[in-house]
Amino acid sequence: MLIEWIEPAKEKRVWEVVGICEDENKEYYDQFYEALNKLRKHVPYHVMEDLNKLEDVFLQKNSSLYTAYNYGFKDALKLSKEIRELT
């Protein structure tokens, strides 16, 4: 019963945290995107695919936030269990 509640709540929180991190790093994305657009104006067409891959890689960094949050959540559960066992 508890797991049925925890998983959706955790999933919701993960995406809230990802959004917060995206907001905090918006300045970096804007700088990256500006530089990328300058390059797109000057590189041959066959290089565009590589620039698009760079942008995808940059954006995919947020998937590591998802993993990090899940590890942190599991660690907190383990710690909570260990504390309960000590008392």
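Is F58 buried, partly exposed or exposed? F58 is partly exposed, at a relative accessible area of 21%. The cut-off for a buried residue is under 20%, so F58 at 21% does not count as buried. The model described here is predicted.

**Overall form**

The protein contains three helices and zero strands. Read from the N terminus, the order of elements is α-α-α. The radius of gyration is 20 Å, well over the 12 Å that the globule rule gives for 87 residues, so the protein is more spread out than a compact globule. Along the principal axes, the C-alpha atoms fill a box of roughly 65 × 25 × 20 Å.

Of the 87 residues, 14% are buried. The exposed surface of the protein comes to about 7400 Å², and 61% of that area is supplied by carbon and sulfur atoms. Among contacts with a separation of 6 or more, 62% are between residues 24 or more positions apart. The side chains include 13 positive and 17 negative ones, and the centres of these two sets lie 1 Å apart.

**Aromatic residues**

Three aromatic pairs are present in the structure. One of them is Y29 with Y33, which is stacked, with 5.6 Å from centre to centre and 25° between the planes. Both residues belong to helix 2 (residues 26–42), and because they are four residues apart there, about one helical turn separates them.

Another stacked pair is F32 with F58: the ring centres are 4.2 Å apart and the planes are at 5°. F32 lies in helix 2 and F58 in helix 3 (residues 48–86), so this pair ties together parts that are 26 residues apart in sequence.

Y29, F32, Y33 and F58 form one aromatic cluster. The table gives the accessibility of each member.

| Residue | Relative accessible area | Class |
|---|---|---|
| Y29 | 24% | partly exposed |
| F32 | 22% | partly exposed |
| Y33 | 34% | partly exposed |
| F58 | 21% | partly exposed |

**E55 beside the cluster**

What does E55 touch, leaving aside residues up to four places away in sequence? The contacts of E55 are Y29, F32, Y33, L36 and R40. Among these, Y29, F32 and Y33 are members of the aromatic cluster. E55 is found in helix 3, whereas Y29 and Y33 are in helix 2. The relative accessible area of E55 is 13%. Since buried means under 20%, E55 is therefore classed as buried.

**K78 in helix 3**

K78 is also part of helix 3. Is K78 buried or exposed? K78 has 53% relative accessibility and counts as exposed, because the class begins over 50%. How far is K78 from L59 in space, C-alpha to C-alpha? The distance is 31 Å, with their positions 19 residues apart in sequence as the stated separation.

**Summary**

The predicted model is built of three helices and is more spread out than a compact globule. Helix 2 and helix 3 are tied together by the stacked pair of F32 and F58. Y29 and Y33 join these two rings in one cluster, and E55, a buried residue, touches Y29, F32 and Y33.

Conventions
Residues are numbered from 1 along each chain as its sequence is written. This is a predicted model: local features need pLDDT of at least 70, side-chain atom pairs count only at pLDDT 80 or more; totals for chains, interfaces and linings use all residues. Side-chain values use heavy atoms; hydrogens and water are left out. Rings of Phe, Tyr and Trp (its six-membered ring) pair if their centres lie within 6.5 Å; planes under 30 degrees apart count as stacked, over 60 as edge-to-face and the rest as tilted. Helices (H or I, at least four residues) and strands (E, at least two) are DSSP runs, numbered from the N terminus. Buried means under 20% relative accessible area, exposed over 50%, partly exposed in between (1.4 Å probe, protein chains only). The radius of gyration is taken over C-alpha atoms; the globule rule is 2.2 Å times the number of residues to the power 0.38. Contact means heavy atoms within 4.5 Å. Accessible areas come from the Shrake-Rupley method with a 1.4 Å probe; for residues, only the protein chains shown count as cover. Lys and Arg count as positive and Asp and Glu as negative; His and the chain ends are not counted. The place of a charge is taken as NZ of Lys, CZ of Arg, CG of Asp or CD of Glu.
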